[in-house]
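User: Please take a close look at one helix in this model and at what surrounds it. I would like a connected account rather than a list.

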Amino acid sequence: MQHIYFTRGTCSVQIIIDYTGNVIDNVTFIGGCNGNLKGISQLVKGQTFDDIIKKLEGTTCGFKSTSCPDQLAKALKQIKEKENSCDCAIKEN
C-alpha cells in the first residue's frame, strides 16, 4: 500500500510511504536534506512501524519542535490509526 503524508514544520514537504502490513518497503521524502533523508529511508526499509516510531518519535531539528524523522513517526502513527479505525470485521446477523 502507499500513504502520502504532508509534513508540518520541516524542510521536507511530503513523505511517500510504501508498506506491506506494518513493514516499510520504501520511504521517499520530498524536499529537505537530500543525503540525510535518503539515509533514513534506507535505514527504515524492512523495519516495522512500531520499531520506527519508538526510535524516531520526538526527534527535534535545531530549535524546531519536530524534524523529518519525527514527521515520519507521525505519518506511521496516522496509518496505524486509520487502519485501526476501519470497521472491516464482518458482522453476523
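The request concerns helix H1 (residues 34-44).

Analyst: The model is predicted, and the account below starts with the helix and then moves to its surroundings.

Within H1, which spans residues 34-44, the buried residues are Leu37, Ile40, Ser41 and Val44. These four lie on the same side of H1, because the arc they cover around the axis is only 100°. The other side of H1 carries exposed residues, namely Gly35, Lys38, Gln42 and Leu43. Buried here stands for under 20% relative accessible area and exposed for over 50%. Just after H1 comes Gly46, with a positive phi of about 85°.

What does the buried side of H1 pack against? Its buried residues pack against two strands, S2 (12-20) and S3 (23-31), and two helices, H2 (49-56) and H3 (68-85). As for direction, H1 lies across S2 and S3 and runs at about 170° to S3.

The strands under H1 belong to an open sheet of three, ordered S1-S2-S3 with antiparallel pairing. S1 (2-6) and S3 are the edge strands; each has a single partner strand, so one side of each has no neighbour in the sheet. On average, neighbouring strands of this sheet are turned by 20° against each other, direction ignored. In general, strands of a sheet pair through backbone hydrogen bonds, in a parallel or an antiparallel manner.

S2 and S3, both of which H1 lies across, are paired antiparallel through eight bridges. In this pairing Ile17 stands opposite Val27 in S3. The two strands form a hairpin with two residues between them, and Gly21 in the turn has a positive phi of about 65°. On the S1 side, five bridges join S1 to S2, again in antiparallel fashion, and Ile4 is found opposite Ile16 in S2.

H2 is one of the helices that the buried residues of H1 pack against. Its own buried residues are Phe49, Ile52, Ile53 and Leu56. They too are on one and the same side of their helix, H2, since they cover an arc of only 100° around the axis. Lys54 and Lys55 are exposed on the other side of H2. The buried residues of H2 pack against S2, S3, H1 and H3. Just after H2, Gly58 takes a positive phi of about 90°.

To put the part back in its place: the buried residues of H1 pack against S2, S3, H2 and H3, while Gly35, Lys38, Gln42 and Leu43 are exposed on the other side.

Definitions and conventions
Residues numbered from 1 in each chain as written. Predicted model: local features only at pLDDT ≥ 70, side-chain atom pairs only at ≥ 80, totals over all residues. Heavy atoms only, no water. Buried < 20%, exposed > 50% of the residue type's maximum accessible area, 1.4 Å probe, protein only. Arc of directions from axis to C-beta. Contact = heavy atoms within 4.5 Å. Pairing = 2+ DSSP bridges. Axes fitted to C-alpha atoms, helices over the stretch in contact; angles between N-to-C directions.
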